[in-house]
Amino acid sequence: MTESTAPERTAMKTCDPVDPGGCALCGDEALPARVIEVRSALGVATVAMLATGIAASAAASTLDVALDLVDGVGVGDVVLVHQGFVISRMDVR
């Protein structure tokens, strides 16, 4: 049997977005928002945030977001916003 040359495992640091150098992606939840304006020529919509969280607390109650990932977004739609992008349309009944 040969001696293992694998590096010693170290404890992984838990990501804390508040900690300096923390991961911004882990701290940005996908949050629901209602579309209040669509500027199709620019690929941008203005949304009103419907929930609070780490991402929403850092932003104003309205936010301009990119529409690159979801087609057919219209005024009144409820969408999920993550990292400044609409990532899906929500079916709200």
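Student: Which arginine forms a salt bridge with aspartate 77?
Tutor: This is a predicted model. A salt bridge needs a side-chain nitrogen within 4 Å of a carboxyl oxygen. For aspartate 77, the closest N and O atoms of the pair are 3.9 Å apart. The partner is arginine 89.

Student: How many residues apart in sequence are the parts that aspartate 77 and arginine 89 tie together?
Tutor: Aspartate 77 sits in the loop between E3 and E4. Arginine 89 belongs to strand E5. So the pair ties together parts whose separation in sequence is twelve residues.

Student: Is arginine 89 buried, partly exposed or exposed?
Tutor: Buried means under 20% relative accessible area, and exposed means over 50%. Arginine 89 has 39%, which means it falls in between. The class is partly exposed.

Student: How many salt bridges does a search of the whole structure find?
Tutor: One is the pair of aspartate 77 and arginine 89. Another joins arginine 39 to glutamate 37, with the closest N and O atoms 3.4 Å apart. Aspartate 64 also bridges to arginine 39, at 3.2 Å. The search of the whole structure gives a count of three.

Student: Which residues are linked in a network of salt bridges?
Tutor: Look for a shared partner. Arginine 39 forms a salt bridge with glutamate 37. Aspartate 64 forms a salt bridge with arginine 39 too. The network therefore holds Glu37, Arg39 and Asp64.

Student: How many residues apart are aspartate 64 and arginine 39?
Tutor: Their closest N and O atoms are 3.2 Å apart. Yet the pair links distant parts of the chain, with aspartate 64 in strand E3 and arginine 39 in strand E1. The separation along the chain is 25 residues.

Student: What is the relative accessible area of aspartate 64?
Tutor: Consider its network partners too. Arginine 39 is partly exposed at 24%, and glutamate 37 is partly exposed at 38%. Aspartate 64 also counts as partly exposed, with a value of 46%.

Student: What pattern does the protein chain follow along the sequence?
Tutor: The chain has one helix and five strands. Two strands precede the helix, and three follow it. The pattern reads β-β-α-β-β-β.

Student: How many bridges join E1 to E2?
Tutor: These strands form a hairpin with four residues between them, where glycine 43 takes a positive phi near 70°. E1 and E2 run antiparallel. The number of bridges joining them is six.

Student: Which strand pairs with E2 over five bridges?
Tutor: Valine 47 helps here. Valine 35 stands opposite valine 47 in E2. Valine 47 in turn stands opposite leucine 63. The pairing over five bridges is antiparallel, and the partner strand is E3.

Student: How many of the six residues of E2 are buried?
Tutor: Across the 93 residues of the protein chain, buried residues make up 23%. E2 is largely enclosed by the rest of the structure, because its buried residues number five.

Student: What is the relative accessible area of valine 35?
Tutor: Valine 35 is in strand E1. Its contacts beyond four places in sequence include Val47, Val73, Val75 and Val79. Valine 35 is buried, with a relative accessible area of 1%.

Student: What separates the C-alpha atoms of valine 35 and valine 73?
Tutor: The two valines are 38 residues apart along the chain. Even so, they touch. Their C-alpha atoms are separated by 8.0 Å.

Student: Which residues have the most contacts inside the largest nonpolar core?
Tutor: This core has 13 residues. Strands E1, E2 and E4 each give it two or more. One of the top residues touches Val73 and Val79, among others: valine 86. The residues with the most contacts are Val47, Val73, Val79 and Val86.

Student: What is the accessible area of the nonpolar patch formed by Leu69, Phe85 and Ile87 on the surface?
Tutor: Phenylalanine 85 is found in strand E5. A patch residue needs over 30% relative accessible area, and phenylalanine 85 has 31%. Together, Leu69, Phe85 and Ile87 have about 260 Å².

Student: What share of the accessible surface of the protein chain belongs to carbon and sulfur atoms?
Tutor: Start from the total. The accessible surface comes to about 6,600 Å². The share belonging to carbon and sulfur atoms is 56%.

Note on methods: Residues numbered from 1 in each chain as written. Predicted model: local features only at pLDDT ≥ 70, side-chain atom pairs only at ≥ 80, totals over all residues. Heavy atoms only, no water. Core = buried A, V, L, I, M, F, W, Y, C linked by side-chain atoms within 4.5 Å. Buried < 20%, exposed > 50% of the residue type's maximum accessible area, 1.4 Å probe, protein only. Contact = heavy atoms within 4.5 Å. Patch = residues over 30% accessible without salt bridge, like charges linked within 9 Å, V, L, I, M, F, W, Y side chains within 5 Å. Areas by Shrake-Rupley, 256 points an atom, 1.4 Å probe, with all protein chains shown as cover. Pairing = 2+ DSSP bridges.
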